[in-house]
Amino acid sequence: MKRLFDFALALLLTLALAVPLFIVALLVRLTSTGPVLYWSDRVGRDNKIFSMPKFRSMRIGTPEVATHLLTNPSAHLTPIGPLLRKSSLDELPQLWSILTGEMSFVGPRPALFNQQDLIELRTQKGIHQLVPGLTGWAQINGRDELPIPEKVALDVEYLDKQSFWFDIRILWLTALKVLVGHGVVH
């Protein structure tokens, strides 16, 4: 049922947001050199690597590490990067990953391929068995501000409590957090 819900909602949102998606793509193209989309290698279900699209908010040549590990993250942002990140508009292309089944709307956020500490801890706790999500329980309880052990503890809590109604609650709380830009550090 979760897969059917994900596919139907992702298809509906892709169609409904076609014009805003086009406008954001155009703004990315007009304000910086390079491709509109950035394909990030991420860790999916059962620790399989997949490519996750995002609207490019960082300049070409930025190191492929978690943003908080960059010396000066702001120096790497494109002119519209701060707006894309604060509004979470950079995440919209992930609807593609939901349509293809590599992601769900709700689950643990997919780790970068090189975040070994996060990947190992999630594997120890069985979280690697979940389909990663556009949002998740850890996302609405701290987002970028959480240290890895706390993030994983929240992922475990999601693993234990997962249900359709819990996912609906997480989606609702995510919408509220995105509207106020809560928890975005970089």
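**View 1. Leu-118 and the residues packed around it.** Leaving aside neighbours within four places in sequence, Leu-118 touches Ala-111, Ile-148, Lys-151 and Val-152, each of them counted as a contact. This is a predicted model, so keep that in mind for every view here. Leu-118 sits in helix 5, and it's buried, with just 3% relative accessible area. To get a feel for the span of the chain, look from Leu-118 to Leu-30: the two are 88 residues apart along the chain, and their C-alpha atoms are separated by 36 Å.

**View 2. Asp-155 and Arg-122, a salt bridge between two helices.** Stay with helix 5, but move to Arg-122. The side chain of Arg-122 meets that of Asp-155 in a salt bridge, with 2.9 Å from N to O. The pair ties together distant parts of the chain: Arg-122 belongs to helix 5 (residues 116-124) and Asp-155 to helix 7 (residues 148-161), 33 residues apart. Are these two partners buried or exposed? Both Asp-155 and Arg-122 are buried.

**View 3. Glu-157 and Lys-161, a salt bridge inside helix 7.** Here the side chains of Glu-157 and Lys-161 pair up in a salt bridge, again described by its N to O distance, 3.0 Å. Both residues lie in helix 7, four residues apart, which is about one turn of the helix. Neither is tucked away: Glu-157 is partly exposed at 27% relative accessibility, and Lys-161 is partly exposed too, with a relative accessible area of 43%.

**View 4. Lys-2 and Asp-167, a link between helix 1 and helix 8.** The salt bridge in this view joins Lys-2 to Asp-167, and their closest N and O atoms are 3.0 Å apart. How many residues separate the two along the chain? They're 165 residues apart, with Lys-2 in helix 1 (residues 2-16) and Asp-167 in helix 8 (residues 164-180), so to speak a bridge between distant parts of the chain. The two ends of the bridge sit in unlike surroundings: Lys-2 is partly exposed at 31% relative accessibility, whereas Asp-167 is buried, with a relative accessible area of 9%.

**View 5. The salt bridges taken together.** The chain has six salt bridges in total. Opposite charges on side chains can pair when the charged atoms come close. Lys-54, Asp-90, Glu-91 and Arg-109 are joined into one network by salt bridges that share partners. For the wider charge picture, count 19 positive and 16 negative side chains, with the centres of the two sets 5 Å apart.

**View 6. Asp-46 and Asn-47 in the loop between strand 1 and strand 2.** Two residues in this loop deserve a look at their backbone angles. Most residues other than glycine have a negative phi. Asp-46 has a positive phi, near 55°, and Asn-47 has a positive phi of about 60°. Asp-46 lies in the loop between strand 1 (37-43) and strand 2 (49-55), and Asn-47 is in the loop between strand 1 and strand 2 as well. Asp-46 is partly exposed at 40% relative accessible area, and Asn-47 is partly exposed at 30%.

**View 7. Thr-78, a buried loop residue.** Thr-78 is found in the loop between strand 2 and helix 3 (81-87). Despite the loop address, Thr-78 is buried, with a relative accessible area of 3%. Which residues does Thr-78 contact, neighbours within four places in sequence aside? Its contacts are Ser-32, Arg-56, Ser-57, Met-58 and Arg-59.

**View 8. Zooming out to the whole chain.** The close-ups fit into a fold of eight helices and four strands, which run along the sequence as α-α-β-β-α-α-β-α-β-α-α-α. The radius of gyration is 16 Å, close to the 16 Å the globule rule gives for 186 residues, so the chain is as compact as a globular protein of that length. Along its principal axes the C-alpha trace spans about 45 × 40 × 30 Å. Buried residues make up 44% of the 186 residues. Of the contacts between residues at least 6 apart in sequence, 68% join residues at least 24 apart. As for the surface, the chain exposes about 9,900 Å², and carbon and sulfur atoms supply 65% of that.

Definitions and conventions: Residues numbered from 1 in each chain as written. Predicted model: local features only at pLDDT ≥ 70, side-chain atom pairs only at ≥ 80, totals over all residues. Heavy atoms only, no water. Salt bridge = Lys/Arg side-chain N within 4 Å of Asp/Glu carboxyl O. Buried < 20%, exposed > 50% of the residue type's maximum accessible area, 1.4 Å probe, protein only. Rg over C-alpha atoms; globule rule 2.2 N^0.38 Å. Contact = heavy atoms within 4.5 Å. Areas by Shrake-Rupley, 256 points an atom, 1.4 Å probe, with all protein chains shown as cover. Lys, Arg positive; Asp, Glu negative; His and termini not counted. Charge placed at Lys NZ, Arg CZ, Asp CG, Glu CD.
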